[in-house]
Amino acid sequence: MEETPAIRTVIDNLKQRGWQDMAHTMLDVIEPIAPLVSQVLWVIQPMSSAIGASDVVGELAKTLNTPQGISFLREQLDDD
């Protein structure tokens, strides 16, 4: 999976706030329904442009759509 600036920003923000454990738990919870969550993110992506988060929401939707994407997010959260 390729790292994008939007995903890097999300990962960096989670790490700066010390929310890696919460993010891992969240990934564990949504993993069985990740494709559904991905589709929901695609639906709200146009609305997220109002707050400037359209790129982030779109990239998260792409990443969550595959098991490799979830593994990639976990690896990025674990990297220091």
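## A five-helix chain and its nonpolar patch

Of the 80 residues in this protein chain, 36% count as buried. Keep in mind that you're looking at a predicted model.

Let's start with the overall fold. The protein chain has five helices and zero strands. If you walk along the sequence, the pattern you meet is α-α-α-α-α. The radius of gyration is 12 Å, close to the 12 Å that the globule rule gives for 80 residues, so the chain is as compact as a globular protein of that length.

Here are some whole-chain values side by side:

| Property of the protein chain | Value |
|---|---|
| Span of the C-alpha trace along its principal axes | about 30 × 25 × 20 Å |
| Accessible surface | about 5100 Å² |
| Radius of gyration | 12 Å |

What share of the accessible surface belongs to carbon and sulfur atoms? That share is 59%.

Now for the contacts. Take those in the protein chain with a separation of 6 or more: residues 24 or more positions apart account for 67% of them.

Next, have a look at the surface itself. Which residues make a nonpolar surface patch of about 570 Å²? They are Ile33, Leu36, Val40, Val43, Ile44 and Met47.

Let's zoom in on one of these, Val40. You'll find Val40 in helix H3, which covers residues 34-48. Is Val40 buried, partly exposed or exposed? Its relative accessible area is 44%. Buried means under 20% and exposed means over 50%, so Val40 counts as partly exposed. That makes Val40 a partly exposed member of the nonpolar patch.

Terms used: Residues numbered from 1 in each chain as written. Predicted model: local features only at pLDDT ≥ 70, side-chain atom pairs only at ≥ 80, totals over all residues. Heavy atoms only, no water. Patch = residues over 30% accessible without salt bridge, like charges linked within 9 Å, V, L, I, M, F, W, Y side chains within 5 Å. Areas by Shrake-Rupley, 256 points an atom, 1.4 Å probe, with all protein chains shown as cover. Salt bridge = Lys/Arg side-chain N within 4 Å of Asp/Glu carboxyl O. Helix = DSSP H or I, 4+ residues; strand = E, 2+ residues; numbered from the N terminus. Buried < 20%, exposed > 50% of the residue type's maximum accessible area, 1.4 Å probe, protein only. Rg over C-alpha atoms; globule rule 2.2 N^0.38 Å. Contact = heavy atoms within 4.5 Å.
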